[in-house]
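Please look over the sequence and the model shown here before reading on. The report then takes up a few places inside the protein, one after another.

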Amino acid sequence: MTKNFHNPIVFRKAEESDKERLRLFFEKAYADRFKYKFPDRWVWQYINNPWRRGRDIQSYIAEDSRRNIVGHSGALLVPAQIRGAPIVLAWGVGLFVLDPYRGKGIAKALQELNIFDNEILASIYMAPEAQALKLSLKARRGPTCSVYVHSIYFDNSKVTESVERKLARRNFGRLSRPFAIALSPIVAARNQLRSLLVKAYQRRHRSRSTLFGNHYDFSEGPASFGDESDELWDKARGRYDFCVERTSKYLNWKYRDQPGCKYRVLRMLNGGAIVGQLVYRIGMPPEAPVAFITEVVVEADCPEMTKQIISEAVGVIKERGAVQIVIATSDCTQKVAIEGCSFLRIEDHDLLVNYSPDNSVNLGALSRCLLTKGDHDWDQFFLARLLSPKEVLDRFYRHKSAYVTRL
Ligand SMILES: CC(C)(COP(=O)(O)OP(=O)(O)OC[C@H]1O[C@@H](n2cnc3c(N)ncnc32)[C@H](O)[C@@H]1OP(=O)(O)O)[C@@H](O)C(=O)NCCC(=O)NCCS
């Protein structure tokens, strides 16, 4: 595909022989973060993807007349089912156009190529510009995935440095430091008050367990999945008319083999049989020690059982030193359980879906689907960021009315 720009730009799928030029592109695009994108992640996403179509690489590039790569859009292929029918779903990832080439329609042409090549191209979490672009290409809105946070501890010890950075950005120059020292007791006191308020809201959301009769055992370890995970998923998958298939093949590729992230699994056992499974990771430096719970699968469609495994995970994650825990779901049972475990709802993201012209499936009206923090690529390395008490409160107030459980 060639577009008629001032200098012709060629749009095509990347090949293995493009790797050196891709390296140069990723270096320019992501600067000091490029090593988290290339080569290990790129190889995992596109080359070692078990759902890759033959020798195709779902990494789409824009090249200028000197064969320099100036733009990129990718499709992360995963197995999914829509009303029981299997489909390979493509998550839209890695959209980037180098600065001097922006505003010329390059991202649009890359996205068109990506949509054309994949039956269903979907996204949950994206920059506003990317959202505008997808909507301009007739993306349809799907179910909403809600994000929740549970704060364990707010670190007030770096207030002076943070105020100093903010003043420096506002051109206070050499005065930044003395002003920061003078202002920091006030800022710290305000943070303290807000963090008390966050804790109070969290306590208010803790509901008592009614599952007195059941006692589960738990085991925890590095993420690795076998037949027992498949058996558990077989019992749960029928609840959803749209979801990524959480088979052991998918989970091992996604959580055991993903470079740059260390995931762990918590299993809930009843008389030795696995009745629940939860996957999480805790941010590693340079990320903040924020935990993402990326998967929760429970045998029965039961909020209380789901609550048991999430409560246990909160305890384990606290012991491992995380200061905040983030979880996301589109599933109603999971929402009730999460809200009962002192999590505050802070964001809602609509699934955006672009269909290829020859697509034969349609999400249509879904009665129930499963989207989690493990879907798309919003659990990847360097996205674990600590929210301040102000950010938690502002976002919580915006979403308070959308609670599933009664406040
Ligand atoms: C977002 C990005 C890929 C757009 O690339 P681009 O080649 O300049 O985009 P295009 O010229 O093809 O614009 C196509 C459409 O995108 C949307 N868009 C692009 N830039 C936008 C901006 N700054 N604000 C709002 N919408 C924007 C518009 O809908 C635009 O259509 P229009 O021109 O008819 O209004 C580019 O700005 C970029 O690489 N940004 C940094 C990385 C990033 O944010 N990636 C998205 C990750 S989810």
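What follows deals with enclosed spaces, then with one glutamate, and then with cysteines.

The structure is a predicted model, and the values in this report were computed from its atoms.

**Enclosed spaces**

Rolling a probe the size of a water molecule over the atoms shows where empty space is left. When the whole structure is searched, 3 cavities of 30 Å³ or more are found, and the largest cavity has a volume of about 90 Å³. The residues that line the largest cavity are Phe26, Tyr30, Lys37, Arg41, Trp42, Gln45, Tyr46, His72, Val93, Gly94, Asp377 and Gln380. Two or more residues of this lining are given by each of helix H1 (19–30), helix H2 (40–47) and strand S5 (85–97), and H2 gives the most, with 4 residues. Sorted by class, the lining of the largest cavity has 5 nonpolar, 4 polar and 3 charged residues.

**A glutamate in a loop**

Where does Glu287 lie? Glu287 has its place in the loop between strand S11 (273–282) and strand S12 (290–298). Because its relative accessible area is 8%, which is under 20%, Glu287 counts as buried. The side chain of Glu287 reaches the backbone nitrogen of Leu383 at 3.2 Å, and it reaches the backbone nitrogen of Ala384 at 3.2 Å as well. If neighbours within four places in sequence are left aside, Glu287 is in contact with Arg281, Gln380, Phe381, Phe382, Leu383 and Ala384. One of these contacts of Glu287, Gln380, is also found in the lining of the largest cavity.

**Cysteines without a disulfide**

How many disulfides are there in this model? The count comes to 0 disulfides, where the rule asks for a pair of cysteine sulfur atoms within 2.5 Å. For Cys243 the nearest cysteine sulfur is that of Cys369, 8.3 Å away, and for Cys332 the nearest cysteine sulfur is again that of Cys369, 11 Å away. Each of these distances is set beside the accessibility of the residue in the table.

| Cysteine | Nearest cysteine sulfur | Distance | Relative accessibility |
|---|---|---|---|
| Cys243 | Cys369 | 8.3 Å | 1% |
| Cys332 | Cys369 | 11 Å | 45% |

Is Cys243 buried or exposed? Cys243 counts as buried, because its relative accessibility is 1% and buried means under 20%. Cys332, by contrast, counts as partly exposed, because its relative accessibility is 45%, which lies between the limits of 20% and 50%.

Conventions: Residues are numbered from 1 along each chain as its sequence is written. This is a predicted model: local features need pLDDT of at least 70, side-chain atom pairs count only at pLDDT 80 or more; totals for chains, interfaces and linings use all residues. Side-chain values use heavy atoms; hydrogens and water are left out. On a 1 Å grid over the protein atoms alone, a cavity is a set of points where a 1.4 Å probe fits but cannot get out, and a pocket is an open set with protein on both sides within 12 Å along at least five of seven lines; lining residues have an atom within 4 Å of a point. Grid points are joined across faces, edges and corners, and a volume is the space filled by probe spheres set on the points. Ala, Val, Leu, Ile, Met, Phe, Trp, Tyr, Cys and Pro count as nonpolar, Asp, Glu, Lys and Arg as charged, and the others, Gly among them, as polar. Buried means under 20% relative accessible area, exposed over 50%, partly exposed in between (1.4 Å probe, protein chains only). A polar contact is a pair of N or O atoms within 3.5 Å; within protein, one must be able to donate a hydrogen and the other to accept it, and residues adjacent in sequence count only if both atoms are side-chain atoms. Contact means heavy atoms within 4.5 Å.
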